[in-house]
Amino acid sequence: METIQQLIETRKLSRKKPGELELRSLPFLQAYIYGRVSSPGQVRDSRESILEIASLLELAISDGYITSLDPQEIKAKLEMIRDNPSSEKYWSDGQVTIDVRDLGISGQLSYQDRQGLADMQKGIIEGKIGAVYLTEGVSRLSRDKDRIIPYQLLKLLKDHSIRIRTLDGIWNPVIDRDNDYLADEFDDAIGERKVMGRRMFRRKAQKAGRGEYVGEPVPPGYFLPITGQKPTGQYEYGTMEPHQPHATVVNRILEEFVAQGGSYIKTLRKLEGITIPYFPSELKHMKRLSSMRNCKMVESGYVITASLIRGLATNVKLIGVWQWGDVEPIPANHAPVVSEELFLEAYRLSLTKGKAKGKAANSEPMEWTGLLTCMNHNESRKIRSIASKGRYLCDRGYLQTGEHICMDIAARYLDEPLTTTVLNQLDLTPFTEEILSRMESESTNDNLEKMHSKRESTRLEKETQQYQALLTSCVDEITGEVDQDKEEYYWAKIRELKRQLDEIKSRPAPAQTQPVDYSKVREFLWNLSDRWQAFTPTLRNRLLKLLIEKVEVRGRYEIEAIIYWKNGLQQKVLITRAPSNSTLEKRWTVEEDNILATVFLHDSEEDILAALPGRSWKGITLRAGKLNLRRARRTGRGKAWSRDDDERLKSGFEAGMTPTDIAKELGRSVTAVTARIRRMPELLSARPRKAMPVWEVENLIPSQQSSPRGGLRG
C-alpha cells in the first residue's frame, strides 16, 4: 500500500506542467513543411528562398521524422516549379508532408484563397499535425493587415501545442515567451509590409519623376534595354527605346484608324491578316514586359484588336511623353514612334462617341436580353441584343478582330421557343387560388422593410457575439496579462456593430401600406400565356430575369439552348431555324474561298453546292465574281419547261423545298430553277415571307451548376 508521502508525490507528478524542453521536443505527431512567397515573380526570381524548402525536409529528417521523401529530388522538383508554375506542388510520405501550393499567393489572403493554409489548419484541428516547418518564421503563414488571421493562427497553434520549426530554432506558443515572440513576429511582418509599401511607392515616384521605368507594361513600338543585374538576379532596365518592326505596324494602325474616321471595325477590316511580329530572341524579356502579352497570339505574331487600337490612340508615350500616376508629365522623355499630328488626330477620334439615333435611342429591351450566352467558342460569350432591329448577335470576335460573326439571328427564332417553354412551365392556373390564399394570409405579417430590418439585426447581433467571444483570447491563461492592441481592435469592431444595431432600432416604424389588391394579382396569374404579349417588353424581360439564371446557346441553324432556372433545374430546347440572310453572319471565310477556287471552274453546280453547304448558288456566283473566277459559258439553250415540270416545281416550292432541292429532283440547274420561279409571281406571293422556328423541349432535370432553391411544376 502506498504511503501518504508517495500518494502526494504521485499527485504532484500528475499535475505538473511539462517543461520547456518537453514542449519543444521533436518529433511530435506529423511534420508539415509549408512554403509560400507572395508573387509569381518571387517564385521565379527568389531561387534560394524556394530551394530552402528542401533544406527543411533535411531538418525534419534530422529531427527524427520518418519519410522516404528525398531532399535532392524535392530540390529538383522545386526548380521545375520556378520554370513551370503548373508543376506538382504537394508531396506526402510517412510522417512528413511538403505543401507549396501557396507559392505565388499573397499572405494577406484568407483560408478560402489559400489551399495549403486551409489544409494545414484542418490537419492541426484533427490532431494529425504536430510541427509546422517554415523558411522564415510565421510571416510565411500570414501578413493580414487587419491582424485577424494571425491572432486566429496563434490561438490555434497554442491550443494544440504546435511546434514552429525553422532553421533557427523551435518555438511553441504554449510557452509564454515563445508566444510573445511569435506574436511580435506576426506584428513585425505586418508593419514591415506597410513600411515597405510606403518606401516602394516613394521610391517608384522618385524614379518615375526622373522618367525611368518603374514596372508598368511597355506600349507597342518600344522595348526596354537591359542595363544591369541586381544581386537577386533581377534585371535592371533603362529608358524605353523604339523597336522599329513594331513601330512600323503601330504607325500603320493609327493611319488606318484616322483614314476610317475612327471606326474600329473598318480599321480591323483594312488590317486583316496583319499582325505585330514577336520580339526576337535577344529581346525575349519583353514577352512579359510588353502590354501585348494580353493580346491573342497566332503563328505570325500578336493579333490586332479593337482594344489594342483604342489603347494606342490614347497612349501619350507613343509621342515621347512620360506619365506615371500623379507624377508630373515629362515631355520629350524618350524618342517618339508616332508623329504628334497623327497621334492627336487619332486621339480626337478615339474620344468621339456616336449618338443613338432613331429607334436605337428609346427601344425597349427584348425578352431575353442579358440572359443568352454563346457556347460556340473556347470561352463563353454574352449574346447581345439590338432591340431596334429585333436581332440577337454574338459578334465579340467581329468587334475585336474583324472575324466573321458567330451568330446574327432574328429574335423570333429564340424568343418564341424559349418563352413558350418557360410559360408552359409556369402554367399556374390549377394552383393560382391556393397560392393567392397563402399570400393573403402572409400579408398580415410584417411588411418587407420590417423583415429586412429583422434579418439585418440578427446578423449584427451574431457578429457582435463572435467578437465578444474573441475577447477571451486577449487574456493570457497563465499570467493573466492582457494584449491591449488585440483587445482594442475587437472592442472597436463591437462598438461599430452596436452602432449599426442601434441605428436600425431607432428607425421610425414604417407607415402602414395600402393592402395589396389581390384581384389584380389573380388577373395577372390567370392564363399568363394568353396575356403574355399584352405586357411591355421591359416587363417581360424583368419577369424572365427573376426566374432564369441564364440560357446557354450552341450551334447556328440547329440550335441547342439549355435554360438554367434559378431554382436549380435546367431544361434543353432543340431549335431548328432557316439559314440567315444576314450578310454579316454569312461573311465568307478564307477556308470557303479556297474551296470555291478549287471547285468553281470545272465542277458541276451540284458538286459545288455540296462542297459549300449553307451557300446558295447566287451567293456562290457573286463571290466567284469578286474572286475573278470565271466558268466556261454553256452553248445552246436548255431543256424546255413542260407543264409537268412547272407543276412539280410549284408543288415542291409550296411544300417549302429550296431551289437546290427542286433542281436535283427535276434534273436541272439551280440557276434555271431560280429563273423559272421568278417568272411565276403567284408562287412568290403565296409563300410565307418569314420562316418560323421548329423546336422540341426536353423535361426538366436537376442542374449540375447550382443547387435547388425552390420548385417548379414538373
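A residue counts as buried when its relative accessible area is under 20%. The model is predicted, and this tour visits a cysteine pair and then a sheet.

**First stop: two cysteines.** Select Cys394. Its relative accessibility is 2%, so Cys394 falls in the buried class. Add Cys374 to the selection; with a relative accessible area of 0%, this residue is buried. Display the sulfur atoms of the pair. A disulfide requires two cysteine sulfur atoms within 2.5 Å. The closest cysteine sulfur to that of Cys394 belongs to Cys374, and because the separation is 3.6 Å, the two are too far apart for a bond. The total under this criterion is zero disulfides. Cys374 accordingly belongs to none, its nearest cysteine sulfur being that of Cys394 at 3.6 Å.

**Second stop: the sheet.** Switch to a cartoon representation and locate the open sheet, which is built from six strands. Followed across the sheet, the strands run in the order 2-3-1-4-5-6, with mixed pairing. To find the borders, select residues 90-93, which make up strand 2, and residues 169-171, which make up strand 6; these are the edge strands, each paired on one side only. Viewed from strand to strand, the twist averages 20 degrees.

**Third stop: a parallel pair.** Within the sheet, select residues 30-34 for strand 1 and residues 96-99 for strand 3; the two pair in the parallel sense through four bridges. Strands of a sheet are joined by backbone hydrogen bonds, in a parallel or antiparallel manner. Which residue of strand 3 is the bridge partner of Tyr34? Select Asp99, for this is the residue in strand 3 that partners Tyr34.

Definitions and conventions
Residues numbered from 1 in each chain as written. Predicted model: local features only at pLDDT ≥ 70, side-chain atom pairs only at ≥ 80, totals over all residues. Heavy atoms only, no water. Buried < 20%, exposed > 50% of the residue type's maximum accessible area, 1.4 Å probe, protein only. Pairing = 2+ DSSP bridges. Axes fitted to C-alpha atoms, helices over the stretch in contact; angles between N-to-C directions.
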